[in-house]
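Biologist: Please give me a close look at a single part of this model. Keep it brisk, and explain the terms as you go.

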Amino acid sequence: MAAADRELQYMSGFHNDFQTEALPGALPIGRNSPQRAPYGLYPEQLSGTAFTAPRAANRRSWLYRTQPSVVQAEYRRSGTAGLQLPNCDEPPDPNPMRWDPLPIPQAPIDFIAGLLTYCVNGDIATQAGCGIHLYACNQDMTDTFFYDADGELLIVPQLGELLVHTEMGRLALAPGEIAVIPRGVKFQVRLAPGTKTARGYVCENFGTLLQLPERGPIGANGLASARDFLTPIAAYEQRMGDFTLLAKFQGHLWACTLDHSPLDVVAWHGNYAPYKYPLTRFNVINTVSFDHPDPSIFTVLSSPSATPGTANLDFVIFPPRWLVAEDTFRPPYFHRNVMSEFMGLVHGAYDAKAEGFQPGGASLHNCLTPHGPDAKAFKTATQTPLQPVYLSDTLAFMFESRYPYRVTAQALNASFRQHDYVQVWQDLAPQFDPPPG
Ligand SMILES: O=C(O)Cc1cc(O)ccc1O
Ligand SMILES: [Fe+2]
């Protein structure tokens, strides 16, 4: 099969034990590390969990590459303006926050340089919490590659199609789909033909690897199904040049040079690999009687913490769906949540906030910060006659975490932050009308 035809083919399944080779015979058979691997390839193990992690949680892959990853120069400190840690001198902020869409860049900028950290929670060093970044870019990464030693990257494109070239294969990624690049996997992001500008969200999970949530009483089916997750087949390039490998390590960027493309993996096998998932495949469960269920019924992927049911990170979506609840306030209720909620919007409108929360925008409702439908949404939802309604053109999502988010100075002070966000609730006047006497 020609190299170009091999691109963008996928294997189905979630955390399966996959095996794939871009050249017939490149994968050793029956052992991981033969005395001499086929075609002079170097075997290299990539461990995503401790060697001794229980079998069900253990993740590792064996990569067969033209040169081992150690063939690279010394790491030196690097910096991009946008990838930042929150200022620890300032206390975390309980105010509800919202941002207009991340502005589209005018100057040339690639995916990594175009990342802007909004907030971070937990602690990278103890592998708890996550970082939340938005990206806006208009250039391919060509001679620069990247890996993240701090967390796996959940990418949620909002605008434009990406081609993610990873050392384990190539993924095409469009708005409405998500991808997860495992911690440590080297990759490069390019723009798909026809895409001039791309924008989206990235959640960097420092904790337990994302997994499918339990279905509990829902039963054996529903929500996201393992077979709809797609992992790329092996694809490699043999390219010499002056290349830079960027590494995010404990919150900071480091860079080293190398004279060959690190995307030189000819074959691999294992259960630690990138994957993508089309959110349209999500089977949406909701009430068919009354009341608004908690949004945990919309969980696509979850990173558990040590406390049962209390996620390090839940990735929750609000996709198109029927609303049929009777005698019910149908949008999200007013609430105060001990978990912290960061939200984004891929397309359309969100029913709790029809205006102000825009595609490419973001909101943050931190631990126990009161929030809910804005005054307009409350009025509409309490006055409209209740018919079955199809909520079309909507795709919001939430990164929900047990750890409060600390917002970076650049996000706090961004020109596109809506400093008057709290006003959206202030018209909720008293309407208490007790019986006389
Ligand atoms: O705050 C939000 O908009 C997210 C959310 C949605 C919902 O349907 C119920 C609770 C909740 O936190
Ligand atoms: Fe909420």
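Modeller: Strands (E, at least two residues) and helices (H or I, at least four) are DSSP runs, numbered from the N terminus. The model is predicted: local features need pLDDT of at least 70, side-chain atom pairs count only at pLDDT 80 or more, and totals for chains, interfaces and linings use all residues. Residues are numbered from 1 along each chain as its sequence is written, while chains are lettered from A and ligands numbered from 1 in written order.

A brief stop at a sheet comes before the main part. Gln19 has His269, in β19, as its bridge partner. β2 and β19 run antiparallel, and four bridges join them. Strand β19 covers residues 265-270. Two strands pair if DSSP finds at least two bridges between them. The sheet is open and has four strands, in the order β2-β19-β4-β3. Its pairing is antiparallel. At the edges lie β2 (18-21) and β3 (42-47). Each of these edge strands pairs on one side only.

Now to the part for the close look. In an unreviewed entry, UniProt annotates residues 281-431 as "domain: Homogentisate 1,2-dioxygenase C-terminal". Such annotations may be inferred rather than shown by experiment. Over residues 281-431, helix makes up 9% of the chain and strand 28%. The end C-alpha atoms of that stretch are 42 Å apart.

Which residues surround ligand 1? They are His292, Pro295, Pro332, His335, Asn337, Glu341, Ala352, His365, His371 and Met398. To be near, a residue needs its C-beta atom, placed from the backbone, within 6 Å. By class, four residues of the shell around ligand 1 are nonpolar, five are polar and one is charged.

The unreviewed UniProt entry has its own view of the site. Under "binding site", the entry lists His335, Glu341 and His371. These residues are spread over 37 residues of sequence, but they cluster in space. Their largest C-alpha distance is 11.6 Å. Each of the three also appears in the shell around ligand 1.

Take Glu341. It sits in strand β24, which covers residues 340-348. Is Glu341 buried or exposed? Glu341 counts as buried because it has 22 C-beta neighbours inside 10 Å; the cut-off for buried is 20 or more. Leaving out residues up to four places away in sequence, Glu341 touches His365, Met398 and Glu400. Contact here puts the C-beta atoms within 7 Å. Of these partners, His365 and Met398 are also among the residues around ligand 1.

Next comes His371. This residue lies in the loop between β25 (362-365) and α2 (375-383). His371 is buried, with 23 other C-beta atoms within 10 Å. Beyond four places in sequence, His371 touches Pro96, His335 and His365.

UniProt also lists Tyr350 and His371 for "binding site", again in an unreviewed entry. They span 22 residues in sequence, yet their C-alpha atoms are no more than 14.2 Å apart, so they gather at one spot. Tyr350 is in the loop between β24 and β25. Tyr350 is buried too, with 26 other C-beta atoms within 10 Å. With sequence neighbours up to four places away left out, Tyr350 touches Phe318, Leu345, Phe357, Thr394 and Ala396.

Notes
Ala, Val, Leu, Ile, Met, Phe, Trp, Tyr, Cys and Pro count as nonpolar, Asp, Glu, Lys and Arg as charged, and the others, Gly among them, as polar. A residue is buried if 20 or more other C-beta atoms lie within 10 Å of its own, exposed if 12 or fewer, and partly exposed in between; C-beta atoms are placed from the backbone. Two residues are in contact if their C-beta atoms, placed from the backbone, lie within 7 Å.
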